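Biologist: I have just opened this model and would love some help finding my way around. Could you take me on a close look at the ligand and what surrounds it, and then lead me on into the protein's interior?

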Amino acid sequence: MLKNDRFLRACRRQAVDRTPVWFMRQAGRYQPEYRQIREKYTLMEICEHPDVCAEVTLLPVRQLGVDAAILFSDIMTPLRGMGLKVDIVENVGPVFEEPIVREEQVSALPPFDAEEAVPYVLETIRILVRELDVPLIGFAGAPFTLASYMVEGRPTRDYRKVKTFMYSEPRVWGQLMEKLAAMVARYLVQQVEAGCQAVQVFDSWVGNLTRADYETYVRPYMYPIIEAVRATGAPVIHFGVNTGHLLASMADLRPDVMGVDWRTDLDEAWRIIGPDFAVQGNLDPVAVFAPPEVLEAKVTDVLRRAGRRPGHIFNLGHGVMPQMSVSALQRVVELVHAYEVREV
Ligand code: CP3
């Protein structure tokens with residue numbers, strides 16, 4: 001049984017004793033213990049060994065005192081499980097051996113079943129739900145963000161290849177997005193069936209599109225994903241970077257929780273999407289490097305903008321960085337938990 005369900009209560013906009021807090025990318029290179037495990041295993045090997053993967057997932061929960069665990073994995077894990085040749089290159093990111101350029105490659109993408117493609121992920125979830133006393137968040141990359149890596153072949157600054165593909169081959173683009181959407185929906189539902197109590201859909205790079213392009217080329221494929229997860233009863237968090245101009249469009253998907261990066265103030269984000277959503281965010285990650293009194297002021301500012309509304313989940317506006325210190329992140333958790341959320 002969960003000892004601490006304030007994260008799930010906040011997802012549902014129920015009253016909480018303290019604001020729940022967790023961090024995107026809370027397991028990683030900033031932790032000495034993680035770096036030690038990485039000397040023996042690559043990132044993908046960690047994911048393929050359920051015992052090791054569960055241990056890595058648990059590290060930040062024990063070390064930081066956060067209110068939720070996030071399954072340790074990567075948005076590339078299911079694509080690798082489907083047989084695509086993708087590696088995570090250190091300090092670069094995901095790199096595909098054969099980027100998607102032709103229709104035949106899209107047609108050849110196989111249907112997805114997690115039990116077949118990534119049994120180790122489901123096994124890790126089953127181990128974790130036995131060990132954890134906080135909720136476990138599963139996740140997947142959204143179709144546009146996955147496609148951006150698959151088409152570009154590697155991280156990009158301008159999204160030139162993927163957007164050109166989208167504009168010039170709309171029919172093939174639609175096939176690719178449909179296949180990815182089917183994969184993501186199935187994968188998330190299977191993560192919930194294995195025991196995850198909530199899921200987050202990362203559309204990290206969708207903020208590079210205009211609102212019109214988002215609504216034409218991306219959003220139609222997102223509805224069935226959110227709908228499939230909502231049907232399980234588990235809350236869905238939807239997050240992207242640099243999405244201030246897309247928040248209203250993304251809210252039309254009806255996720256339970258909208259993730260907001262640090263560029264949009266939390267009260268402004270809430271004003272845009274309305275009161276029917278929980279909101280997750282949004283401390284500027286770089287604030288973690290600021291002197292203690294500046295960091296404290298910035299944490300308090302985020303909490304103040306949440307304005308004691310039910311449904312605030314504290315997080316960074318994007319992921320933890322390898323240069324952060326464990327103690328600074330512990331301090332953020334302490335500050336959030338010390339904040340009085342109830343009216344006094
Ligand atoms: O939050 C967690 O603790 C769960 C772990 C997690 C990882 N990747 C592990 C990882 C999560 C949620 C992700 C998601 C992910 N992966 C996203 C979406 C989230 C976001 O940050 O917007 C994206 C875009 C990726 C793709 C990816 N994988 C990138 C860009 C990188 C960084 C490359 C680098 O070396 O800097 C990765 C590698 C990666 N995934 C690391 C971790 C902990 C880096 C550490 C390592 O190589 O061991």
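Modeller: Here is a walk from the ligand pocket into the interior, one stop at a time. Please keep in mind that this is a predicted model.

Let's begin with the ligand. There are 25 residues around the ligand, and those that come nearest are Arg25, Tyr34, Arg38, Ser204 and His318. By character, this shell divides into 14 nonpolar, six polar and five charged residues. Two elements to find on your screen are α2 (32-40) and β3 (93-96), each of which supplies at least two residues of the shell.

Now look at some individual contacts. A polar atom in the side chain of His318 sits 2.7 Å from an oxygen atom of the ligand. The side chain of Arg29 also takes part, with an N or O atom 2.9 Å from a ligand oxygen. Ala27 does this through its backbone, where an N or O atom lies 3.0 Å from an oxygen atom of the ligand. As for cover, the ligand on its own has 870 Å² of accessible area, and the protein covers 93% of that.

Next, the interior. In soluble globular proteins, nonpolar side chains tend to be buried together. Here the largest nonpolar core has 126 residues, and the members touching the most others are Phe7, Trp22, Phe23, Phe144, Trp173 and Leu283. Helix α11 (residues 170-194) gives the most to this core, namely 13 residues. Apart from it lies another core of 10 residues, including Ala27, Leu43, Cys53 and Phe72. You have met Ala27 already, through its backbone atom 3.0 Å from a ligand oxygen.

Leu283 makes a good place to zoom in. Beyond its close sequence neighbours, within four places, Leu283 is in contact with several residues, among them Trp262, Val288, Phe314 and Val332.

Strand β8 (residues 278-283) also holds Gln280. Is Gln280 buried or exposed? Gln280 counts as buried because its relative accessibility is 2%, under the 20% cut-off. Its side chain has a polar partner, since a polar contact of 3.1 Å joins it to the side chain of Gln200. Leaving aside neighbours within four places in sequence, the contacts of Gln280 include Phe7, Trp22, Ile237 and Asn315.

Our last stop is Ala69, in strand β1 (residues 69-70). With 0% relative accessibility, Ala69 is buried too. The C-alpha atoms of Ala69 and Val134 are 6.7 Å apart, although 65 residues separate the two along the chain. Other contacts of Ala69, again outside four places in sequence, include Gln26, Thr57 and Leu132.

Notes: Residues numbered from 1 in each chain as written. Predicted model: local features only at pLDDT ≥ 70, side-chain atom pairs only at ≥ 80, totals over all residues. Heavy atoms only, no water. Core = buried A, V, L, I, M, F, W, Y, C linked by side-chain atoms within 4.5 Å. Buried < 20%, exposed > 50% of the residue type's maximum accessible area, 1.4 Å probe, protein only. Helix = DSSP H or I, 4+ residues; strand = E, 2+ residues; numbered from the N terminus. Contact = heavy atoms within 4.5 Å. Near = heavy atom within 4 Å. Polar contact = N/O pair within 3.5 Å; in protein donor to acceptor, adjacent residues only side chain to side chain. Areas by Shrake-Rupley, 256 points an atom, 1.4 Å probe, with all protein chains shown as cover. Nonpolar A, V, L, I, M, F, W, Y, C, P; charged D, E, K, R; others polar.
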